[in-house]
Amino acid sequence: MTTKVPCEPDELRTLFLFEALTDEQLAVLCSNGHIEHYQPGPICVEGEPATCFYVLIEGELTMSKLSGGQDIETNRTSQRGVYCGAWRAFTGGKQKSYDASVHVTKPSRFFVMDAPVFAQFMRDQFPMAVHLLDGIAVGTDRTRRIIDNREKLLALGRLSAGLTHQLNNPAAATARAAAELRGRVAGMRQKLAMLADGTFTSDALRALVRMQQEVVEQVAKSASQELSALEATDREDAVGEWLEEHGVEDAWDIAPTFVEGGIDTDWLERISAGVDELPSTSLAGAIHWFNYTVEIELLLNQIAEASKRISALVADAKQYSQMDRAPFQVVDVHDLLRSTLSMFADRLGKDAKAPNAITVVKDLDKSLPEIPCYPGDLNQVWTNIIDNALAAMGDEGGTLTIRTCREQETMARIEICDTGPGIPEDVRQHIFEPFFTTKPVGEGTGLGLDLAFNIVVKKHRGDLRVESVPGETRFIVLLPLETAPLVDDVVDDAVDDAAPEE
């Protein structure tokens, strides 16, 4: 419950904020504002529309910011003249929402003006100052947007190079397999004329086609079975010896293909028995025909696997970029992490080019529910943190750990850890500051982690922090499981924790 009373110019003059104003200016303030008495409780709440400008006359207030779903006190003061609320209403950004929550801890009095009236007073009475502050606000905002966009484009460029490399491998494999397949099909046509020494009956052809279909089915089954190097060598020796004993030319060239297709000596005995029942049919000719059959099926498998890989990469790229999706969604955070990791595949694990590849360890809590978020923005957060982690580990390699779990039942906790040299304390306390970077001039903008902080803390009402010791650096992201994030405009505003004091 508040009480409104008129204000007196003489009382306003006792506050440091107004002490240099003229009598006419003080009169304008009093005619357009008023004094309000507040009992302990909230005055304004972070994120709500910024409607009023407040100046403390007497009493005590606290300021707080949301972090990790909790209100964290950032300032407590009883100094007369401290201001809060819509104090940036006259700047170029036209403050849309309160930057912080303000509570009074005991009965207090404030000078209060509506935000539009306060903004007009500043423009009328201090036009030059307002123009200068507008210029600073607009210039800072423009610079931040340009550098933020450049940061995103740099990250996209790095990821695009990796994605191109990943797509090139299956595409090249498909082209090679298709070229070989063309030759095998041509050879298959020629082999049809070589299957028999004499007349080739329809019954014989039907029997061979039936055996050929059985071979095709066996190749399909073998695709899901992996042999060790020792097992494969033993089977190749056995198949090669069998073929050689039965007078098949190129026996040792055929053996690896048969083994890869799942054809062992038992299968060869079945084929031999079937061919023996066919008049004027050559075993060697049949073996070579079946060899072409196996080769064709294996090449088709290669093309299918390469096509699946390309489709998976395109799907991951689409998930990562969030094309054809609404900006705000309820999604599985694991899908976002997976799609981002796929963009770094050329630098991770078996696909990495570096001799000391980086191993990825995943410790994921699959029971985490879907979260309300801006997926494209969160992918940018993962990108910036993972890119820094890989840079920290460098060519020496290491382990990148992705871990998810619940935090106090209301938050999703995502940890991205690396085994790099760690971040020194004097650097760690500045890493979320804009334009702060330890990279050489021209190699870093210093906005990657600042952008990540804005997205997590200001846009999603979460928390982003770092813990680091030599050999382990851990970035911790907390995201609300249910609380809806703020509107996009909040991220673009320059948010200040508390109003300055004299």
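The following paragraphs describe the fold, selected helices and some individual residues of a predicted model.

The protein chain contains 502 residues, of which 46% are buried, and its secondary structure comes to 14 helices and 16 strands. Of the contacts between residues at least 6 apart in sequence, 76% join residues at least 24 apart. The surface that the protein chain exposes amounts to about 25,100 Å², and carbon and sulfur atoms supply 52% of this area.

Two helices, each of twelve residues, illustrate how burial is distributed along such elements. Helix α8, formed by residues 265–276, has end C-alpha atoms 16 Å apart, which agrees with the 16 Å that twelve residues should span at 1.5 Å a residue. Its buried residues are Trp267, Leu268, Ile271, Ser272, Gly274 and Val275. Because these buried residues fall within an arc of 165° when α8 is seen down its axis, they line one face of the helix. On the face turned away from that buried side, α8 carries the exposed residues Asp266 and Asp276. Asp266 also takes part in an arrangement at the start of α8, where its backbone nitrogen has a side-chain oxygen of Asp264 within 3.2 Å.

Helix α13, comprising residues 448–459, reaches 15 Å from its first C-alpha to its last, a value close to the 16 Å expected at 1.5 Å a residue. Eleven of its twelve residues are buried, and α13 is therefore largely enclosed by the rest of the structure. The buried residues of α13 include the hydrophobic-to-charged series of names Leu449, Ile455, Val456, Val457, Lys458 and Lys459. Just after α13, Arg461 takes a positive phi of about 55°.Helix α9, which spans residues 283–321, contains Glu295, and Val294 is found in α9 as well. Val294 counts as buried, with a relative accessibility of 0%, and Glu295 is likewise buried, with a relative accessible area of 16%. When residues up to four places away in sequence are not counted, Val294 touches Val215, Val219, Thr257, Phe258, Gly261 and Ile263. One of these partners, Val219, is 75 residues from Val294 in sequence, yet the C-alpha atoms of the two are 6.8 Å apart in space. Glu295, with its neighbours within four places in sequence left aside, is in contact with Arg184 and Thr257. Thr257 thus appears among the contacts of Val294 and among those of Glu295.

Backbone geometry was also examined at two loop positions. Most residues other than glycine have a negative phi. Asp250, although not a glycine, has a positive phi of about 55°; this residue is placed in the loop between α6 (229–245) and α7 (251–260) and is partly exposed, with a relative accessible area of 46%. Gln408, a residue other than glycine, has a positive phi near 55° and is placed in the loop between β13 (398–407) and β14 (411–418). With a relative accessible area of 57%, Gln408 is exposed.

Cysteines were considered last. A disulfide is a covalent bond between the sulfur atoms of two cysteines. With a cut-off of 2.5 Å between cysteine sulfur atoms, the count in this model comes to zero disulfides. Cys405 is partly exposed, with a relative accessible area of 25%, whereas Cys417 counts as buried at 5% relative accessibility.

How values were computed:
Residues are numbered from 1 along each chain as its sequence is written. This is a predicted model: local features need pLDDT of at least 70, side-chain atom pairs count only at pLDDT 80 or more; totals for chains, interfaces and linings use all residues. Side-chain values use heavy atoms; hydrogens and water are left out. Buried means under 20% relative accessible area, exposed over 50%, partly exposed in between (1.4 Å probe, protein chains only). Helices (H or I, at least four residues) and strands (E, at least two) are DSSP runs, numbered from the N terminus. The expected span of a helix is 1.5 Å times one less than its number of residues. The arc is that of the directions from the helix axis to the C-beta atoms. A polar contact is a pair of N or O atoms within 3.5 Å; within protein, one must be able to donate a hydrogen and the other to accept it, and residues adjacent in sequence count only if both atoms are side-chain atoms. Contact means heavy atoms within 4.5 Å. Accessible areas come from the Shrake-Rupley method with a 1.4 Å probe; for residues, only the protein chains shown count as cover.
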